[in-house]
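Trainee: I would like a close look at a single part of this model. Please take me through the sheet and what packs around it.

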Amino acid sequence: MPTVLVVDDEPQILALVRVTLEDERVRIIEAADGETALAVAQREHPALILLDVRMPRLDGFEVCRRLRQ
C-alpha cells in the first residue's frame, strides 16, 4: 500500500487533505512542521510527499532540498 506524507502547519489543511485523499488503497501520514517531516520521511519512505511551502523554521522548499540530498 503506498504511503502519502502530508506536511502542513495548519491542522485544518491537514484534515482537508486527509479527507480528500483518504482511500483504503492509500496510507496517509501527517507532519505539522518541516523537521518532523524529515524524520517521518526518513523512517517511513513515503511514495509521495505533499509539502506546504510556508511553514515556520523549515519551509517546504528547504525540506525538499534536504530530502533530495
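Mentor: Start with one pair of residues. V7 has L51 in strand 3 as its bridge partner. Keep in mind that this is a predicted model. The V7 pairing belongs to a longer contact: strand 1 (residues 3-7) and strand 3 pair over four bridges, in the parallel sense. Helix 2 packs on the sheet and touches strand 1, strand 2 and strand 3. The direction of helix 2 makes about 145° with that of strand 2.

Now turn to the pairing of strand 1 with strand 2. These two strands also run parallel, and five bridges join them. Here V6 stands opposite E30 in strand 2. The connection between the two strands goes through helix 1 (residues 11-21). That β-α-β crossover is right-handed.

Put the pairings together. The sheet is open, with three strands in the order 2-1-3 and parallel pairing. Strand 2 (27-31) and strand 3 (48-51) are the edges. Each has a single partner strand, so one side of each is left without a neighbour in the sheet. From one strand to the next, the twist averages 20°. A general point on strands helps when you inspect the faces: in a regular strand, side chains alternate between the two faces of the sheet.

Back to helix 2, this time with its helical neighbour. Helix 2 (residues 34-44) packs with helix 3 (residues 60-68) at an angle of about 25°, and their axes are 10 Å apart. That angle makes the two helices roughly parallel. The crossing of helix 2 past helix 3 is right-handed. On the helix 2 side, the contact residues are G34, A37, L38 and A41. They meet V63, R66 and L67 in helix 3. By class, this contact has five nonpolar residues, one polar and one charged.

Terms used
Residues numbered from 1 in each chain as written. Predicted model: local features only at pLDDT ≥ 70, side-chain atom pairs only at ≥ 80, totals over all residues. Heavy atoms only, no water. Axes fitted to C-alpha atoms, helices over the stretch in contact; angles between N-to-C directions. Parallel < 35°, antiparallel > 145°, perpendicular 65-115°, else oblique. Left-handed = near helix turned anticlockwise from the far one by under 90°. Contact = heavy atoms within 4.5 Å. Nonpolar A, V, L, I, M, F, W, Y, C, P; charged D, E, K, R; others polar. Pairing = 2+ DSSP bridges. Right-handed = clockwise from strand over helix to strand, strands pointing away.
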